[in-house]
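Biologist: Please take a close look at one part of this model, the place where the two chains meet. I would like a connected account of it.

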2 protein chains.
Amino acid sequence: MKKKYFDDLKDGEHLHCRPVVINRDAIIDFGNKFDPQPFHIDENAARESLFGGLVASSLHTLSACTRVVVEAQGDVAILSGVGMHEAKMFNPVRPGDILYVKARWTDLNKSRSKPDRGFASIMCKVTNQRKEPVIEYGYRYLIACENFTMP
Amino acid sequence: MKKKYFDDLKDGEHLHCRPVVINRDAIIDFGNKFDPQPFHIDENAARESLFGGLVASSLHTLSACTRVVVEAQGDVAILSGVGMHEAKMFNPVRPGDILYVKARWTDLNKSRSKPDRGFASIMCKVTNQRKEPVIEYGYRYLIACENFTMP
């Protein structure tokens, strides 16, 4: 796979992400580790909740979608993540849901202080198998130009 | 533990979060599952990176800190998460780092359309054992009032 530098990225370019399936055990496991709200970890409590059943932590959804976005990036010369944009949640993710991530590069800005690197965002819109919106979010990365030299 | 409703929350009230330790195996495990950038999963690649060694995925840091924030919430009548605020990353998290989360309730707004519930944010500032800033982020929740009735 050819290494991609900041200069190779195109504003608006789509990343082709494989679908993501989030199953019951993964929801409970992530919830227990990182976000132990009753509706993420306890089937009975979840049934009594506004959701009427188990739903994934949004951090789990975001993380699971990040996996396929990173795979779709290919070998990009990412130096560091620098931030995450606001995330909006629309519909919950339930066990067995299939998620489709539409991701694209945007907001490409060469660094002013260090001309051998640039900043770029990936914005993501996630829908489920019923075509309902699930979550929108984005990352901001620092990326090396081809002439990058390690400080 | 007494159930806390939206009306019980106070703007500016702090949550007392226990420290978070992020170790090497957890960094690699999270990276492999959710954010397989070389500097999260491969010790050798990480050494050659701008970080000079393994660093945690920011999603991992955010998730691990969320765990202690949720514990510190106590039994709050959270109906749903509705969003996450922008996250800013300052310094990387390295194996063995100890993270301190300063979290507080803020932006309490009663729902206009449904007076039995309200919205509230938790804003978090995370520092490490060297008192360096690590990450700032926040969640937005929908929370039941005491007179909440299930629709």
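The interface of chain B and chain A

Modeller: Among the residues of chain B, E86(B) comes closest to the rotation axis, with its C-alpha at 2.1 Å. This is a predicted model, and every value here is computed from it. The axis comes from laying chain B on chain A, which takes a turn of 180° and a shift of 0.0 Å along the axis and gives an RMSD of 0.0 Å. That is the relation of a two-fold axis. Of the interface residues of chain B, 100% are interface residues in chain A as well, so the copies meet through the same surface.

In terms of contacts, 40 residues of chain B touch 40 residues of chain A. The size of an interface is often given as the accessible area lost when the parts come together. Here chain B and chain A bury about 3100 Å² between them, and 65% of that area lies on carbon and sulfur atoms. On the side of chain B, the residues that lose the most area to chain A are F34(B), L50(B) and M84(B), which together account for 22% of what that side buries.

As for polar links, the rule finds zero salt bridges across the interface of chain B and chain A. It does find twelve residue pairs in polar contact there, with both residues at pLDDT 80 or more. The elements of chain B that give two or more residues to this side are helix 1 (24–34), helix 4 (58–73), strand 3 (78–84), strand 4 (87–89) and strand 7 (133–144). Helix 4 of chain B supplies the largest share, nine residues. Sorted by class, the side of chain B that touches chain A has 21 nonpolar, eleven polar and eight charged residues.

Strand pairing also crosses from one chain to the other. Strand 3 of chain A, residues 78–84, runs antiparallel to strand 4 of chain B, and two bridges join them. In this pairing G83(A) has K88(B) as its bridge partner.

Chain B also has strand pairings of its own. Strand 5 (residues 97–110) pairs with strand 1 (residues 14–16) of chain B in the antiparallel sense over three bridges, and A103(B) in strand 5 is the bridge partner of L15(B). Strand 2 (residues 20–22) of chain B is likewise antiparallel to strand 5, over three bridges, with I22(B) partnered by D97(B). Ten bridges join strand 5 to strand 6 (residues 117–128) of chain B, again antiparallel. Y100(B) stands opposite T127(B) of strand 6, and a hairpin through six residues joins strand 5 to strand 6.

Conventions:
Residues numbered from 1 in each chain as written. Chains lettered and ligands numbered in written order. Predicted model: local features only at pLDDT ≥ 70, side-chain atom pairs only at ≥ 80, totals over all residues. Heavy atoms only, no water. Contact = heavy atoms within 4.5 Å. Buried area = accessible area lost by both parts, 1.4 Å probe. Salt bridge = Lys/Arg side-chain N within 4 Å of Asp/Glu carboxyl O. Polar contact = N/O pair within 3.5 Å; in protein donor to acceptor, adjacent residues only side chain to side chain. Helix = DSSP H or I, 4+ residues; strand = E, 2+ residues; numbered from the N terminus. Nonpolar A, V, L, I, M, F, W, Y, C, P; charged D, E, K, R; others polar. Pairing = 2+ DSSP bridges. Least-squares fit on C-alpha atoms with pLDDT ≥ 70 in both.
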